[in-house]
Amino acid sequence: MTTYRVCCFLRRFRAASNEPSEAVRDVFQAYNDGGVLGEEALRRLLREVQGETEAGADAAAKEVMAFAAEQRLLKKGGLTAEGFHRWLFSDANAALDPRRGVYQDMGLPLSHYFIYTGHNSYLTGNQLSSGSSERPIVKALHDGVRVIELDLWPNAAKDDVEVLHGRTWTSPVELIKCLEAIKEHAFATSPYPVILTLEDHLTPDLQAKVAKMLKETFGEMLYVSESEQMAEFPSPDELKGKIIISTKAPKEYLQIKSGKEEAAEEQEGVWGEEISDDKTTARQMSEQYSGKSYAAAAEAAGAEEEVGEEAEKKTRQGTDNEYRRLIAIQLTRRKHDMEQDLRVDPDKVTRLSLGEKAYEKAIVSHGDHIIRFSSAQFYGFGDRFRFTQRNLLRIFPRSTRITSSNYNPLMGWRYGVQMVAANMQGHGRKLWLTQGMFRANGGCGYVKKPDVLMNSDPAGGKLFDPSRADLPVKTRLKVTVYMGDGWRFDFRKTHFDRCSPPDFYARVGIAGVAADTRMEQTRVVMDSWIPAWDHEFGEFPLAAPELALLRVEVHESDNHQKDDFGGQTCLPVWELRPGIRSVRLSDHKGQPLRSVKLLMRFEFFPSPDSNSNSNSNSKQ
């Protein structure tokens, strides 16, 4: 029995038991013979329930039996019910195959990949008054982030370079500390290139000093392009072990935030804002920007980019030549005319950077241009290029996100944006989506974009429109959540409720294109550290499974206050293994919890109206 003291009384509850839920027991009963699973029955279960091939089932059965033998869970040469349950919850049976590693083609140009991108990577907390340090950079690199951003400013004596969020109360850190941290940790998690974006506010003398630091610190790791202009970006494979310098307009954060702006962002709590299907959001943006020119919208949405332009021009005069030579990925200066900004040069590739609000305007007025743009309009060629097929596009959070909150990254990915910059110092549902996307492809920080965003002439001549609510369904995903366990090991007895065991419920859904986005929840299981929901959700129809992320949250129900946080995770749908799988949950910052896992089942069904062409990013 478990007891809780309430005033002068004791409340007694049945002790937590790690027995399988009724539905899981039913699966075991359907295949067992004399109370155990023999090898042949196990192979059949692996084929019929876990979706293994004939050869895969043979190999998997041997691994399961070896696991059970090591744990002493074999009886009469077969797997016991306890052994079956323990194996289901083990990391070897995880929803994402732990042995898969990098499997996508890494030999394509950088523009063919979503890239794990940080924003103001040196900040330890909020955007207004936190400290600057090399420690958040180290953590980001170990988490797989591949784009690190540094803001460079002269020190008080104007004779050295500091990293800080300019015109705020953030404290500085020496540039050399950041560079040394990058050198030491750049490839701790992934061998693929690190892109270092420098927002510099420096005189030519200090630029020369930075150039010297970069060369001396990185040495052979530093990638230097053979020509000033590249006709095509190199591939991640070609750039393994390299650090790439990219310029970034120094105007993005020059505006000093007013008190009104500081108060504009509400605290979202541990969960962060809910993920919308963007149908309402798109309508609101359309109404907000209706009739506005792009230049006017850019001024309204990102006025900070205009402040200090003349000062920047003066600073840029006489830019140090060696510093310029080290810049491998050039940034295109915005013209505040979207058709000009998205102009595709077939002989040169570049990078464009847009603020969150300017980008919102762009997808309302020029969404198809972002995905595809006709070069014939400017160069007289008949071929059609997508802007994001050849070039890099980066979007960054608006300056009023002073608490380091984030925007919905799918807003960018749906249109092929490679570098959706996230405040890694923050937390909440928007950041969880970013962390979920980059669990794909072995967590290497590069995820190949689906073909639907890369084809120059999609079948039928129709351009993929991620905002459509009537996209044809390609596949259907049925999700069952059986039970959860582990909170009793990772949390104090009174963490969730002082007077009783927790009351857990789970929320499960999809974040993706507008047509796929949906969230559902189970019932609340009262007073249990090991909730057994056995809840089968209806099928999730997926129009773009290659852009879909499975969202899982566990809440502890509280009738008098906000629900407590019980764990979360986000997983790429196209990499989910079918069958009954273990799903480890993470804390609110995205770090895996030591013991907390759910037992879930994933079943994929083809849609009758789906075509036979499979996407290269589809589940393999």
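In the predicted model, the largest nonpolar core comprises 72 residues, and those with the most contacts inside it are Ile148, Leu150, Ile182, Leu196 and Leu214. Helix H7, which spans residues 204-218, supplies the largest share of this core, namely six residues. The core is not confined to one domain, since at least three of its residues are drawn from each of domain 1 (113-249 + 323-453) and domain 2 (467-610). The surroundings of Leu214, one of the residues with the most contacts inside the core, can be listed in detail: once neighbours within four places in sequence are left aside, Leu214 is in contact with Leu179, Leu196, Leu198, Gly219, Leu222, Ile245 and Leu326. Among these partners, Leu196 is itself named with Leu214 among the residues that have the most contacts inside the core. A second core, separate from the one described above, contains 61 residues, including Met65, Ala68, Trp87 and Ile580.

Attention then turned to the strands. An open sheet is formed by three strands in the order S12-S15-S16, and their pairing is parallel. Strands S12 and S16 (419-420) lie at the edges of this sheet, each of them pairing on one side only. Between S12 and strand S15 (residues 392-396), which run parallel, there are five bridges, and within this pairing Leu354 has Ile395 of S15 as its bridge partner.

Although S12 is an edge strand, five of the five residues of this strand (residues 351-355) are buried, so S12 is largely enclosed by the rest of the structure. The burial extends to both faces of S12, with Arg351, Ser353 and Gly355 buried on one side and Leu352 and Leu354 buried on the other. Leu354 thus appears both as a buried residue of S12 and as the bridge partner of Ile395 in S15.

Cysteine residues were considered last. Zero disulfides are present in the structure. Two cysteines can nevertheless be described by their accessibility: Cys444 counts as buried because its relative accessibility is 3%, and Cys570 likewise counts as buried because its relative accessibility is 1%, the cut-off for a buried residue being under 20% relative accessible area.

Note on methods
Residues are numbered from 1 along each chain as its sequence is written. This is a predicted model: local features need pLDDT of at least 70, side-chain atom pairs count only at pLDDT 80 or more; totals for chains, interfaces and linings use all residues. Side-chain values use heavy atoms; hydrogens and water are left out. A disulfide is a pair of cysteine sulfur atoms within 2.5 Å. Buried means under 20% relative accessible area, exposed over 50%, partly exposed in between (1.4 Å probe, protein chains only). Helices (H or I, at least four residues) and strands (E, at least two) are DSSP runs, numbered from the N terminus. Two strands pair if DSSP finds at least two bridges between them. A nonpolar core is a set of buried Ala, Val, Leu, Ile, Met, Phe, Trp, Tyr and Cys residues joined through side-chain atoms within 4.5 Å. Domain bounds come from an automatic or database domain assignment. Contact means heavy atoms within 4.5 Å.
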